[in-house]
Amino acid sequence: MTMTERHIETLLAQIGNRSDKAYGAINTPLYFSTAYKHPGLGESTGYDYTRTANPTRDVLQEAIAVLEYGEQGFATSSGMAAIQLVIEGLLSHGDTVVTLQDLYGGSYRYFHHMEEKGFCNFTYCLTEDEVYAEIEKGPKLVFIETPTNPMMVEFDIAEISKRAHVVGAVVVVDNTFYTPLIQRPLEEGADVVIHSATKYIGGHNDVLGGLVASKGQDINEKLAFQLNTTGATLDPFACWLIVRGLKTLAVRLQQHEKNAKALVEALENHPAIEKVYYSGRGGMVSFAVKDAGIIRDALNSLKIFTFAESLGGVESLITYPETQTHADIPTELRAQYGLTDKVLRISTGIENSDDLVADINQAFNVKKSDYL
């Protein structure tokens with residue numbers, strides 16, 4: 001099935017349907033078997049050992065490939081395993097990567113670790129113009145998040161891809177925040193797209209996983225070899241849970257975005273808030289308070305939002321990057337792109353927007369005169 005044959009909402013709801021040829025089960029069958037019988041000497045059903053291939057995992061991998069306009073999909077044990085698959089599967093010793101300063105803390109930690117080990121070199125950019133300038137130097141790979149985490153800055157995937165391909169660089173986009181419903185990087189010219197499937201794609205804060213979609217025979221073959229060789233594949237039950245999550249992604253994301261826009265309006269008019277960071281799409285919102293001293297009490301006062309480190313689930317979460325998701329990035333580096341101790345990040349859930357606004361208002365309740 002191609003994207004031109006069905007709308008994405010239909011594709012999501014139908015994932016795995018008709019995959020059970022033996023009994024016609026509507027729900028995707030869950031195959032726990034680690035080994036599969038060979039019909040005869042030198043013969044295979046296509047499934048021999050579950051690290052290499054598993055029927056339940058194949059349903060998920062085929063789904064992400066279709067949803068992202070890719071040629072091949074890969075399911076990994078976590079979002080970070082997806083990043084590791086791409087970096088170590090496509091790069092060689094001494095290669096250079098152009099990436100962003102405003103980046104998920106876990107990605108920065110991994111990149112910094114790989115650089116310390118001498119595997120490859122990373123150049124961190126603050127702006128698109130800096131990215132373009134570094135691309136002209138001929139890197140092997142360009143890795144971006146758009147929008148960025150947590151400052152919500154969008155980058156031009158099509159222009160970056162066009163310039164990168166001129167010098168032979170591979171373009172990788174982390175699409176966790178937007179999902180294929182809002183943005184499809186491969187369609188815009190990127191070569192690889194990754195997701196922390198733990199987030200919006202799983203959607204229920206109950207499963208850890210990563211997804212990769214790619215195009216180009218050389219890239220596909222390298223990633224397939226790397227994943228089978230290293231073994232960081234996603235287990236069948238986690239695959240089944242993520243397939244279940246994908247089926248409701250379209251309706252969930254509508255409510256996530258509706259709630260985000262309601263919160264943005266409330267935050268922009270709140271006397272304790274200095275600045276709001278929102279791209280205009282999706283369910284992620286960051287904001288800076290005028291006084292960092294109110295954060296501890298505000299977090300303790302929340303009744304609906306949960307102070308926790310994740311995003312994309314049906315429950316609304318609030319995160320303090322300073323001590324949580326971005327703690328591994330040096331303070332002076334964070335300050336360069338505005339990520340100070342005043343910034344908080346919200347992942348809107350699917351609750352009623354009025355309740356979420358009321359919760360933020362009561363938690364950050366201060367006298368307006370304090371901020372005049």
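Five strands make up an open sheet, running β8-β9-β12-β11-β10 with mixed pairing. Strands here are DSSP E runs of at least two residues, helices are H or I runs of at least four, and both are numbered from the N terminus; two strands pair if DSSP finds at least two bridges between them. At the edges sit β8 (273-277) and β10 (306-307), each pairing on one side only. Inside the sheet order, β9 (residues 284-289) and β12 (residues 343-347) pair antiparallel over five bridges, and methionine 284 faces serine 347 of β12.

A word on the model: it is predicted, with local features needing pLDDT of at least 70 and side-chain atom pairs pLDDT 80 or more, while totals for chains, interfaces and linings use all residues. Residues count from 1 along each chain as its sequence is written, and side-chain values use heavy atoms, leaving out hydrogens and water.

Now for two loop residues. Buried means under 20% relative accessible area, exposed over 50%, and partly exposed in between (1.4 Å probe, protein chains only). Contact means heavy atoms within 4.5 Å.

| Residue | Loop between | Relative accessible area |
|---|---|---|
| Tyrosine 31 | α1 (8-13) and α2 (55-67) | 33%, partly exposed |
| Lysine 199 | β6 (192-196) and β7 (210-214) | 17%, buried |

Beyond four places in sequence, tyrosine 31 touches Tyr36, Asn54, Pro55, Thr56 and Pro236. With the same kind of neighbours set aside, lysine 199 contacts Thr176, Ser310, Leu311 and Gly312. Its side chain also makes a polar contact with the side chain of serine 196 at 2.8 Å.

Terms used. Polar contact = N/O pair within 3.5 Å; in protein donor to acceptor, adjacent residues only side chain to side chain.
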